[in-house]
Amino acid sequence: MRSFLRATASVALLSTVLLIPSTPAPAAASSATRLPANPGFESGLTSWTADSGAATATTTTVHSGSGALQITDASTTTGVSVRGSALAVVPGERLTAGIWVKQAVAGAGGFLYLEFRRADGSRTTPVLSRAAASSTAWQQLTVTGDAPDDAVTANVLAYSSLAGSGTTYWDDATVSALPAPLRKVPNAGFEEQRDTAYPTQWATDKTGVSLVRDASAFEGDTAVRITDNSTTDAVSVLSKAVPVAVGETITASAWANPLSGEGATLYLEFRDAGGDRLGATTAGPGSAGSGWQRVSVTATAPASTTTLTVRLYSLLGSEGTTTWDDVRLRSSADTSYAPALAAGQPVLFAGDQRIESYTGVTHQVFAGTKANTTGIVLGKGTAAYTANPRCSCTVLPGGTGEPKWKLWFSGSPQDGLNAGYATSEDGLTFQHVAIVTGAPSLGGVVANPAWTSGSGVPRYFGLAKRTTTSGNQYYWVQSADGIAWTEVPDSTPLAGFDVANVTYDPIAGLFVAQIKKHLSIPLGPRTTWVSTSTNFVRWSTPRPSFATDGLDDELITGAGRHGQTPWSEVYGMPAIRYGDQYLGTPWIFDITYSPNRDDGDNGPDKGRGHLELATSQDLVNWSRPSRGDLVTPGAAGSWDYGFQLGGTTLTTVTTAAGERETRFYYGSFAGEHSCSAANVTAGDCTYAAGNSNVGMVSWPADRFASFHGAGTVTTRPLTPAGSTLTVNYAPGAGGDNLKVEVLDTNGTVIPGYGAAAVTPITTDAKAPGVQVTWGANTTLPSGRIRLRFTQTGGDLFAFTVN
């Protein structure tokens, strides 16, 4: 297992300056202003931390306002660094940091750094910098970078270099951000561990292509290197096809480090439905030895375009070696941050899409409370078919005169994988009613919103799998009773593999399918792709949605088998609408042994699976600031110890005590994936698969995750449709309280809505929450606002504006 605490050198030891040419984005998406604390040093060094050396506040040399930072560096062997407070980020978000610097003596030296950090505070790569020119005039430094997959915060850093000495003045720090893009290249950072020698999900003839690691990479642990030793042959690495629309303007970028020779080129290629290339636009990095630099190219998709590809290429007539990393796409279809907040939709503190910054508190995920330890019953043992039920599973309410709850579930491989249907009056114990016909292996069921009794339209829609000569397909099915299913007329199947989940978003009016997709042989890693529909007949072209990252690999406990280093992939993930966000429950598959790993094939991989929590606003970019288990595994050998699979619904009920409770149904089997008794004997795994069931866990409504401890949380701008603010907060054992202030978009407290006016929340405020008031002000001010939550302890789960 790689260490979770990645080794990070002190800023004072950094000596390499990264070259960052400006990269214009085709911005239909506009940059949002972020709010670093005390950016102009008007409050001295409040919210800034000096790591070493002499850093003081000054009022005599300022760029604007009344304050600035003065760094006095008296040594040519150590640097002085002053770090700003952290801003919350979402993976893929593009940040541009700026600061004004003035040198007391020309050449004294100064650098602006943009740092990204993990949840544990350790610094993740890349660390981006910009050097000041030799001048005594005020000059603005700016640096742009994309938040890595494992980053949760970012901060700016003012730095006086190792070799330099002298006095520099700093003022007016700024940060702006473009939201994470809607178009993503699979395995864009070359981190996927399915193949340790070559980049998975990229096409290459392998000659001249290799993976390099650690210090040779720009971001994360791995990069791809192209070595061209021929003036008559080219070396190429080609990405998977990414869906794109005609007329869409795309900027493709990658970080390149030209080590020798020439000819390294970035290609942006547009392709038609048959895969034929319609045109290409190219750009290359600087000369060999010029260091890491962002290379970018922009073009507009011509007529007949359906997809794009990115190619990293060494030209036919050239020789040379270049390392490439961190391929990104920005599109004119990208959306800006949307401050609009619908009335009555809870904002969960499970992801950071709505968070500007937080200090003192930590993210925490809460595992659900199990209904029991043996799984829900399903008439187990009454028929061989029901011996091993599992998910994908869906629970929906019944209608008038029907059982209160209906459950659809899957069978196990030894039972033929046929789907089953069961009912319950309490949602805790289900009785098996029937074997589903016409749709084996249902991947979720949704209620048709257009159905009414006697309407004649199908009551239920579902997603089913079938195997064809060209591979697996997912096809769309409908049913009047949930038992007998037929194919939806005029619908077109989607290519997939062995897991798909469908849900319905009543707010957007969208059906959402998350499909495990492999696009070539060797199959490559497991990832999910998303497709949506408004009518369950016509579906959008699937696009990449969710994949695991290097942090998932590092969090695996225990060693791999037969000398292999374990790694993680995602086995499946429904996307469930819940209030202001989608909740994903990724089925994280920790692979401890793969007999076909050297072939890049994900055949009978061995390992356990567990469920986590992720949030998204767009079904493509997911925030996971905490990676705790959503369901606590049972004891070794029990039915929910080995491999957990999540359901497609979150069901909120009112308990006998009058409290709102949210239930999540999941499946599992006792042993490891594809682990047989013979595999146990061979040492491939420890627990054989089998003994599966379906279970249920629950939470008080909205309490999946929290900000825990004492500190503050500030939101990004919000434009609520309602005016009454309620919070879901649980104080700790020591008499904790929560205060909420209302700020304008610049972060200034709106008069009458500050800490002195607010009534503190001191009691357990479960959903629907406790209303926040500020003396005579019982409603929020109109217009765009921010909220700042300050808690002395306990857990802040969510807020809602009604």
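Colleague: Which residues does Phe664 touch, not counting residues up to four places away in sequence?
Modeller: The model is predicted, and the protein chain averages a pLDDT of 90. Phe664 is one of the two residues with the most contacts inside the largest nonpolar core. Leaving out residues up to four places away in sequence, Phe664 touches Thr585, Leu611, Leu630, Gly646, Gly647, Thr649, Leu650, Gly695, Met696, Val697 and Trp699.

Colleague: Which elements give two or more residues to the largest nonpolar core?
Modeller: That core has 44 residues, and Phe704 stands beside Phe664 in the list of those with the most contacts inside it. The elements that contribute two or more residues are strand 29 (390-397), strand 30 (405-410), strand 43 (575-578), strand 45 (587-593), strand 48 (643-654), strand 49, strand 50 and strand 58 (795-801).

Colleague: How many residues does the other core have?
Modeller: This second core lies apart from the largest one. Among its residues are Ala55, Ile71, Ala147 and Val175. The count is 32 residues.

Colleague: In what order do the strands of the open sheet with strand 29 run, and which are its edge strands?
Modeller: Four strands form this open sheet in the order 29-30-31-32, with antiparallel pairing. Neighbouring strands are turned against each other by 25 degrees on average, direction ignored. An edge strand pairs on one side only, which holds for strand 29 and strand 32 (431-435).

Colleague: Which residue stands opposite Trp405?
Modeller: Strand 30 pairs with strand 31 (residues 420-424) over five bridges, in the antiparallel sense. Opposite Trp405, in strand 31, stands Ser424.

Colleague: Where is the peptide bond from Cys391 cis, and what is its omega?
Modeller: Most peptide bonds are trans. Cys391 is also joined to Cys393 by a disulfide, with S to S at 1.8 Å, and the torsion about that S-S bond is 40 degrees, right-handed. Both Cys391 and Cys393 are buried, and Ser392 lies in strand 29. The cis bond runs from Cys391 to Ser392, with omega near 25 degrees.

Colleague: Which parts does the disulfide of Cys675 and Cys685 tie together, and how many residues apart in sequence are they?
Modeller: The S to S distance of Cys675 and Cys685 is 2.1 Å, and the torsion about their S-S bond is about 90 degrees, so this disulfide is right-handed. Cys675 is in the loop between strand 49 (660-669) and helix 2 (677-682), and Cys685 is in the loop between helix 2 and strand 50 (693-700), so the parts tied together are ten residues apart in sequence.

Colleague: What pattern do the disulfides of the protein chain follow?
Modeller: The structure holds two disulfides. One joins Cys391 to Cys393, and another joins Cys675 to Cys685. With bonded cysteines counted along the chain, the pattern is 1-2, 3-4.

Colleague: Is Gln201 buried or exposed?
Modeller: Gln201 is in the loop between strand 12 (166-178) and strand 13 (202-203), and its phi is positive, near 65 degrees. Most residues other than glycine have a negative phi. The relative accessibility of Gln201 is 13%, and the cut-off is under 20%, so Gln201 counts as buried.

Colleague: Is Asp214 buried or exposed?
Modeller: Asp214 has a positive phi near 60 degrees and sits in the loop between strand 14 (209-213) and strand 15 (222-228). With a relative accessible area of 55%, Asp214 is exposed.

How values were computed: Residues are numbered from 1 along each chain as its sequence is written. This is a predicted model: local features need pLDDT of at least 70, side-chain atom pairs count only at pLDDT 80 or more; totals for chains, interfaces and linings use all residues. Side-chain values use heavy atoms; hydrogens and water are left out. pLDDT is the predictor's confidence in each residue, from 0 to 100. A disulfide is a pair of cysteine sulfur atoms within 2.5 Å. Buried means under 20% relative accessible area, exposed over 50%, partly exposed in between (1.4 Å probe, protein chains only). A nonpolar core is a set of buried Ala, Val, Leu, Ile, Met, Phe, Trp, Tyr and Cys residues joined through side-chain atoms within 4.5 Å. Contact means heavy atoms within 4.5 Å. Two strands pair if DSSP finds at least two bridges between them. Axes are lines fitted to C-alpha atoms, for helices over the stretch in contact, and angles run from 0 to 180 degrees between N-to-C directions.
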